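Q: I have a new model on my screen. Can you show me how to read it, feature by feature?

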Amino acid sequence: SKVYFDKDYTVDVEGIGGLFSYERQFEYLENINVSPDNPVYKSIDGVLFSKDGKKLVMYLANRLGKNYKIPAKCRKIGYYAFENVHNLKSVTISKNVKSKNVSFANAEKLEKISVSKKNKVLASKNGVLYNKKMTTLLEYPMGKKNTSFRIPKTVQTMDYVPDNIFMKKLYVPKKFTSVYYMKNWKSLTEIKLEKGNKKLVVKGGVIYNKKHPEWKYDFGKNK
């Protein structure tokens, strides 16, 4: 349940063959210690960071604790840093973090993502992660238990989102154009499209793009 990096361990753990959080041999890691003489990494409260503390490299898959606040010094989060974490229920992103592309895939208990109001790149609303302008939905927590979700009116598109089995009803605003990643909301049985949306169509249990009908999600099969 623990791992130790000595002063000579400088392998790029974000790359193939490294310490990806989803690799089976590290699935139950709770803590990591790093030699103070290691030139590349350091551990802060059992979380792996770059030596200067400006990049969060990995939040261990089985780290104890339900809540985590990213240190103010952190500027960047590794894309895979929060994948497959088992215990985390809420994470708070500090004001200096500038990373938009962070995966929370298979973080099955994560219910809430909060962002400092002073952050100039990211924002959150009701535990959901967006870019600062609230035009892109970046992350909807996998463990969020709300059965309905109203996408904010300013949002136009969304990035990859992990599976969510709780959401049943989705309200889509008129500026919204994305369809592809909706397929990860596998329990959706109803989608309401705001009047005036010129890009999407909901018909017969299917939502699709008018210009590209092949971009669709057959949510009706979930009933």
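What follows is a short walk from the whole chain down to single residues.

Q: What should I know before I start, and how many helices and strands does the protein chain have?
A: This is a predicted model. The protein chain has 19 strands and zero helices.

Q: How do I judge the overall dimensions, and what is the radius of gyration of the protein chain?
A: Compare the value with what a compact globule of that length would give. For 223 residues that would be near 17 Å; the protein chain has 19 Å, which agrees. Along the principal axes, the C-alpha atoms fill a box of roughly 60 × 35 × 30 Å.

Q: What share of the residues is buried?
A: Of the 223 residues in the protein chain, 48% are buried. The accessible surface comes to about 11800 Å². Carbon and sulfur atoms account for 50% of that surface.

Q: How many charges are there, and how far apart are their mean positions?
A: The protein chain carries 45 positive and 20 negative charges. Their mean positions lie 13 Å apart.

Q: What share of the contacts joins residues at least 24 apart?
A: Start from contacts between residues at least 6 apart in sequence. Of these, 32% join residues at least 24 apart.

Q: Now the sheets. How do strands pair in general?
A: They pair through backbone hydrogen bonds, in a parallel or an antiparallel sense. Here, look at the open sheet of four strands, in the order E10-E11-E12-E14. Its pairing is mixed.

Q: Which strands of that sheet stand at the edges?
A: E10 and E14 (157-158) do. Each has a single partner strand, so one side of each is left without a neighbour in the sheet.

Q: Where are the antiparallel and the parallel pairs in it?
A: E10 (residues 122-125) and E11 (residues 128-131) run antiparallel, joined by four bridges. In that pair, Ser124 stands opposite Leu129 of E11. E12 (residues 136-139) and E14 are parallel, with two bridges. There, Leu137 has Met158 in E14 as its bridge partner.

Q: What links E10 to E11?
A: The two strands form a hairpin with two residues between them. Asn126 sits in the turn and has a positive phi of about 55 degrees.

Q: What is the order of the open sheet of three strands?
A: The order is E17-E18-E19, and the pairing is antiparallel. E17 (200-203) and E19 (216-217) stand at the edges with a single partner strand each, so one side of each lacks a neighbour in the sheet. E18 (residues 206-209) pairs with E19 over two bridges. Tyr208 has Lys216 in E19 as its bridge partner.

Q: How do I read a loop residue: is Asn62 buried or exposed?
A: Find its place, then check its relative accessible area against the cut-off; under 20% counts as buried. Asn62 is in the loop between E5 (55-58) and E6 (67-69). Its relative accessible area is 16%, so Asn62 is buried. From Asn62 to Ser99 is 37 residues in sequence and 23 Å in space, C-alpha to C-alpha.

Q: And where is Tyr181, and which residues is it in contact with?
A: Tyr181 lies in the loop between E15 (169-172) and E16 (190-193). With 28% relative accessibility, Tyr181 counts as partly exposed. Leaving aside neighbours within four places in sequence, Tyr181 is in contact with Met158, Asp159, Tyr160 and Val161. Asp159 is 22 residues from Tyr181 along the chain, and their C-alpha atoms are separated by 7.2 Å.

Definitions and conventions:
Residues are numbered from 1 along each chain as its sequence is written. This is a predicted model: local features need pLDDT of at least 70, side-chain atom pairs count only at pLDDT 80 or more; totals for chains, interfaces and linings use all residues. Side-chain values use heavy atoms; hydrogens and water are left out. Two strands pair if DSSP finds at least two bridges between them. The radius of gyration is taken over C-alpha atoms; the globule rule is 2.2 Å times the number of residues to the power 0.38. Buried means under 20% relative accessible area, exposed over 50%, partly exposed in between (1.4 Å probe, protein chains only). Contact means heavy atoms within 4.5 Å. Accessible areas come from the Shrake-Rupley method with a 1.4 Å probe; for residues, only the protein chains shown count as cover. Lys and Arg count as positive and Asp and Glu as negative; His and the chain ends are not counted. The place of a charge is taken as NZ of Lys, CZ of Arg, CG of Asp or CD of Glu.
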